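Thanks for sharing this one. Here are my notes, set out as numbered points so that you can follow them with the coordinates open.

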Amino acid sequence: MISYTSFAFFILFFGITYALYSLCPQKGKWIVLLVGSYVFYFFSAKGHVLSLIACTLIVWGAGLWIDKLDSTLKEKRKGLERAEKKKLKAKYSRYKSWVLTVGVIASLSLLIVSKYTNFFIGTVNGIFSTEIGEVNIIQPLGISFYTMMAISYLADVHSGKYNAQKNPFRVGLYLAFFLTIVEGPFARYDQLGTQLQQGKRFNPSDFVYGAQRVVWGLFKKIVIADRAAEFVNITFDNSDNYSGVVVAAAILFYTLQLYCEFSGVMDVMCGMGEAMGLKLPENFQRPFFAKSINEFWQRWHITLGAWLRDYIFYPISFSKTFMNASKKARNKFSPYYANLIPTAVALFFVWFSNGFWHGAGWKYIVYGLYYYVLMMFGMFLEPLFRKLCSKIKLDRSTRAFGIFQMLRTFAIVNVGMLIFRADTLKQAASMAVSIFANPNLRAMLPGAHNGLGLDKNDYLILVLGTLVVFIVGLIQEKGIDIRQKISGLPFAVKFVLFMLAIFVIIIFGAYGEGYGEVDLIYANF
């Protein structure tokens, strides 16, 4: 695909699209974005656009159908008695639910067939000892992202949050928008679709403000993430050759790589959106300051978590079946545990879906359920923890205990990252065990002939770069808006800072001789 951090993207694609978008009359801006998005997708996906078009037509048609049923219901209810109105509403609610179900299943089918067919074949072969051959199916670029956005669009139209869009090309722009289709964020139609339709006039302050964030994202991606990738890839690709501190460092470096790459790309996307006068939803809020797993996932990949909450957790936990089960449970258990029953069931589907969405493999399912088990463990034992802390007079609101909670959460997350990055569950288990074997710190040192791909300068840049990210995060945690502070500086100072940041990326970026090309991790999902 065309990399979001490449020269070709910034100059040949975004530069041209942005110029045309700025010069075009307001009514035609969305058309520029539609054409630009499909040009970007066509070349990035190597021409495989049929699934995207099919998904667009499915949700557009299903949305109009639901709207038509709503309009018909309003007409037929006129002049009816209350009881008849209620009966008619129930009838049309069933019709709408059927249309929603068909639309969701049709959209999901495109995703499941292209992404999960060989996973199901492998699972059947493993269980029944069959020898069904794998199918050569191309997974369309970004299908996991635009399918979920399509489902949210249909669900929101069904719930009456907004009316269906009558123009299929506007629905197409919402799903194919080049800043969200490859790595997200998951933007709802009322968040993004309406902005794309309206367009915004060129504003120099928007451009400068967005450029600040783009440069910050490039710093995290090119200087830190791509450099850490060298160490990570070599260690995981040759895990049998390494143990002890090297494996532990590889896990930590992968956590650093994934965060700086994913959040860095989100900064680039949001920054370019701001330059165009568009506000994309935030996807990260300093997750490593989280004091619990639940808080971590409220700060990490925020839009995915919000999607799972709104379209899986709430419908299940607030369904009549589970609400009734909770009421009955109050006769046998305390209110706390009775209310936990629908939550526990709903969260199982949330975390199973979270893992399965990330990839077609059992390691991803285990990755999701790993967090589910830990979260349930914490929830079920919370009353016991409270009593224990009260008994030993431990104040959990102190700063020291907060730091302990952050370190504990960070350790838990790194175990999850090992599962996520390893090729198989067997490799993850083997590497976890190898951490405690041969803990030789010298194996990490530059010049130790370990083949890890980093010299002392690389280590120094990683340490300093990580320190910069940490300090910036710490300042933001205190509620200080750094970008706003920079915007208030004199123009000459802002210009010097901006150019300095660009030179840092150019000079210390991990590219060129000695560094391999690093593909975007989440582009594969």
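**Notes on the predicted model**

1. Let us begin with a loop: Ser-129 sits in the one between H4 and helix H5 (143-159). This is a predicted model, so please read each point below in that light. The phi angle of Ser-129 is near 55°, which is a positive value in a residue other than glycine. Ser-129 counts as exposed because its relative accessibility is 64%, and the cut-off for that class is over 50%.

2. A second residue deserves the same kind of look. His-301 has phi near 45°, again positive in a residue other than glycine. His-301 belongs to the loop between helix H10 (293-299) and helix H11 (302-317). Is His-301 buried or exposed? With 0% relative accessibility, His-301 counts as buried.

3. Please also check the backbone at Pro-185. The peptide bond that joins Gly-184 to Pro-185 is cis, and its omega is near 10°. Pro-185 is placed in the loop between helix H6 (168-176) and helix H7 (189-198).

4. Glu-261 is the residue I would open next. Glu-261 is part of helix H9 (residues 245-275). Which side chain of opposite charge is nearest to Glu-261? The answer is Lys-221, 4.3 Å away, and Glu-261 is buried yet has no salt bridge. A salt bridge needs the nitrogen within 4 Å of a carboxyl oxygen, so the 4.3 Å to Lys-221 does not qualify.

5. Glu-261 does find a backbone partner. The Glu-261 side chain reaches the backbone nitrogen of Ile-521 at 2.5 Å. Setting aside residues up to four places away in sequence, Glu-261 touches Val-518, Asp-519, Leu-520, Ile-521 and Tyr-522, and also Glu-183, Lys-221 and Ala-225.

6. Now to the charged pairs. How many salt bridges does the count come to? The count comes to 18 salt bridges. One of them pairs the side chains of Lys-96 and Asp-70, at 3.0 Å from N to O. This pair links distant parts of the chain, with Lys-96 in helix H4 (residues 82-128) and Asp-70 in helix H3 (residues 50-77), 26 residues apart. Both Lys-96 and Asp-70 are buried.

7. Lys-161 and Asp-156 also form a salt bridge, and their closest N and O atoms are 4.0 Å apart. Lys-161 is partly exposed, at a relative accessible area of 44%. Asp-156, in contrast, is buried, because its relative accessible area is 5%.

8. Within helix H14 (residues 362-391), Arg-386 and Glu-382 are about one helical turn apart, because four residues separate them. Arg-386 and Glu-382 form a salt bridge, with 3.6 Å between the closest N and O atoms. Arg-386 is partly exposed, its relative accessible area being 44%. Elsewhere, Arg-213, Lys-220, Asp-267 and Glu-282 are joined into one network by salt bridges that share partners.

9. Helix H14 also holds Gly-368. Why does Gly-368 count as buried? Its relative accessibility is 0%, and buried means under 20%. Beyond its neighbours within four places in sequence, Gly-368 is in contact with Trp-351 and Gly-355. The C-alpha atoms of Gly-368 and Gly-416 are 8.7 Å apart in space, while the two residues are 48 residues apart in sequence.

10. Phe-498 is another residue to view with its partners shown. Phe-498 lies in helix H19 (residues 491-508), and at 29% relative accessibility it counts as partly exposed. Leaving out neighbours within four places in sequence, Phe-498 makes contact with Ala-211, Gln-212 and Val-215. Phe-498 and Trp-216 are 282 residues apart along the chain, yet 9.8 Å separates their C-alpha atoms.

11. Last, a look at the surface. A nonpolar patch there is formed by Leu-460, Leu-464, Leu-467, Phe-470, Ile-471, Leu-474, Ile-475 and Ile-480, which together have about 670 Å² of accessible area. Among them, Leu-464 is found in helix H17 (residues 456-477). Leu-464 is partly exposed, with 47% relative accessible area.

Methods:
Residues numbered from 1 in each chain as written. Predicted model: local features only at pLDDT ≥ 70, side-chain atom pairs only at ≥ 80, totals over all residues. Heavy atoms only, no water. Helix = DSSP H or I, 4+ residues; strand = E, 2+ residues; numbered from the N terminus. Buried < 20%, exposed > 50% of the residue type's maximum accessible area, 1.4 Å probe, protein only. Lys, Arg positive; Asp, Glu negative; His and termini not counted. Polar contact = N/O pair within 3.5 Å; in protein donor to acceptor, adjacent residues only side chain to side chain. Contact = heavy atoms within 4.5 Å. Patch = residues over 30% accessible without salt bridge, like charges linked within 9 Å, V, L, I, M, F, W, Y side chains within 5 Å. Areas by Shrake-Rupley, 256 points an atom, 1.4 Å probe, with all protein chains shown as cover.
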